[in-house]
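Here are some notes to read beside the structure. Please go through the points in order and look up each residue as it comes up.

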Amino acid sequence: MSDELRLERRPELRHPALVCAFRGWNDGGQGASLAGHFLARAWNAEKFGEIDPELFFDFQATRPHISLVDGTRRRIDWPESTFLEAQLHDGPRDVVLLLGTEPNLRWRSFSKLVTELALELGVELVVTLGSLLADVPHTRPAPVTGNATDPELVEQLGLQASRYEGPTGIVGVLHDACRSAGIPSASLWAAVPHYVSMTPSPRAAKALSERLADLLGVELDTGELEAASDAYMEQVSEAVAADSETAAYVDELEHRVDEIIDESDLPSGDTLAAELTRFLREREQDDEGPDAARGDH
């Protein structure tokens with residue numbers, strides 16, 4: 001193992017899955033990072049290691065923060081890439097969480113560190129969480145798209161085959177490293193309303209957390225995120241109501257979502273996301289509309 005990987009201990013895990021969530025480009029509305037930190041709390045995850053940020057971050061682009069301890073002593077908080085273990089005794093597997101900020105540098109070396117540790121810990125599945133900006137209303141559950149490149153994994157987990165082409169973030173490079181290392185991997189993406197992109201979205205975090213729990217076959221109480229989602233919807237609705245143009249646009253999105261639901265029996269997040277994407281493309285033929293959502297599925 002490289003000196004850049006600092007392990008306090010090597011946990012003993014049952015059929016572990018590695019779940020990764022990064023702040024930054026892959027984290028629209030902070031949906032993925034909110035989900036990752038919620039999972040750490042909900043599963044009482046404990047830190048067992050980290051990746052030294054020195055060679056992976058441009059500190060002028062991703063600056064460390066200074067904070068005061070006890071109101072007097074100054075402490076520098078560096079960008080983190082932290083590994084935590086969650087022993088899920090009531091489920092079929094344990095979980096390793098990798099939480100942090102998308103690195104600025106040496107993505108291939110960073111991903112190799114992650115996959116080498118995953119192999120050493122016996123990780124059987126890697127799942128990345130992401131959130132992207134899209135034409136979706138804040139008043140409806142956030143649609144989640146699940147993707148994988150391995151045909152067997154697509155069939156086994158009921159996901160979609162990844163057909164994305166375009167710019168990628170660290171999650172795209174990490175999935176490529178998993179493929180090279182022979183580790184099955186999948187990605188979950190929640191759609192976040194583009195018109196409130198700067199507002200953290202607990203609704204997206206809730207959707208990601210629930211879809212992940214279903215994928216892993218583990219129990220998860222998302223009551224905390226449910227309450228936060230209700231407050232989020234009320235606050236955004238108040239802001240939207242103050243702008244007639246935005247309010248009309250949200251009404252249009254709501255009608256489209258309701259039509260999709262009426263046309264199918266309880267559609268999956270994948271179905272809803274696909275239909276909304278089709279709607280967006282049709283709409284852009286008549287009007288320039290907002291910028292298309294980004295995301296490397």
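1. In this predicted model, strand S11 gives the most to the lining of the largest cavity, with three residues. The elements that give two or more residues to that lining are S11 (185-193) and helix H5 (202-216).

2. The lining of the largest cavity has 14 residues in total. Lying nearest the centre are Pro137, Ala142, Ala191, Pro193 and Arg203. Sorted by class, the lining consists of ten nonpolar, two polar and two charged residues.

3. How much space lies in the largest cavity? The volume is about 60 Å³. The count of cavities of 30 Å³ or more comes to one.

4. Strand S11 also has a place in an open sheet of nine strands. The order across the sheet is S1-S3-S6-S7-S2-S8-S11-S9-S10, and the pairing is mixed. Strand S1 (5-7) and strand S10 (160-161) stand at the edges; each has a single partner strand, so one side of each is left without a neighbour in the sheet.

5. Within this sheet, look at one pair of strands. Strand S3 (residues 46-51) pairs with strand S6 (residues 81-86) in the antiparallel sense, over four bridges. Glu50 stands opposite Thr82 in S6.

6. Strand S3 also takes part in a salt bridge, formed by Glu46 with Arg9. The closest N and O atoms of the two residues are 3.7 Å apart, within the 4 Å cut-off for a salt bridge. Side chains of opposite charge can pair when their charged atoms come close. Which parts of the chain does the pair link? Glu46 is in S3, whereas Arg9 is in the loop between S1 and strand S2 (17-23), and the two are 37 residues apart. The model has 15 salt bridges by this rule.

7. Strand S4 (residues 65-69) and strand S5 (residues 73-77) run antiparallel and are joined by five bridges. They form a hairpin with three residues between them. In the turn, Asp70 has a positive phi of about 60°.

8. Which residue stands opposite Ile66 in the hairpin? The partner is Ile76 in S5, while Ile66 itself is found in S4. Together with Trp78, Ile66 and Ile76 make a nonpolar surface patch of about 300 Å². Residues in such a patch have over 30% relative accessible area and no salt bridge. The hairpin therefore gives residues to this patch from both of its strands, because Ile66 is in S4 and Ile76 is in S5, and the patch is defined by nonpolar side chains joined within 5 Å.

Methods. Residues are numbered from 1 along each chain as its sequence is written. This is a predicted model: local features need pLDDT of at least 70, side-chain atom pairs count only at pLDDT 80 or more; totals for chains, interfaces and linings use all residues. Side-chain values use heavy atoms; hydrogens and water are left out. Patches are made of residues with over 30% relative accessible area and no salt bridge: like charges are joined within 9 Å, nonpolar side chains (Val, Leu, Ile, Met, Phe, Trp, Tyr) within 5 Å. Accessible areas come from the Shrake-Rupley method with a 1.4 Å probe; for residues, only the protein chains shown count as cover. A salt bridge is a side-chain nitrogen of Lys or Arg within 4 Å of a carboxyl oxygen of Asp or Glu. On a 1 Å grid over the protein atoms alone, a cavity is a set of points where a 1.4 Å probe fits but cannot get out, and a pocket is an open set with protein on both sides within 12 Å along at least five of seven lines; lining residues have an atom within 4 Å of a point. Grid points are joined across faces, edges and corners, and a volume is the space filled by probe spheres set on the points. Ala, Val, Leu, Ile, Met, Phe, Trp, Tyr, Cys and Pro count as nonpolar, Asp, Glu, Lys and Arg as charged, and the others, Gly among them, as polar. Two strands pair if DSSP finds at least two bridges between them.
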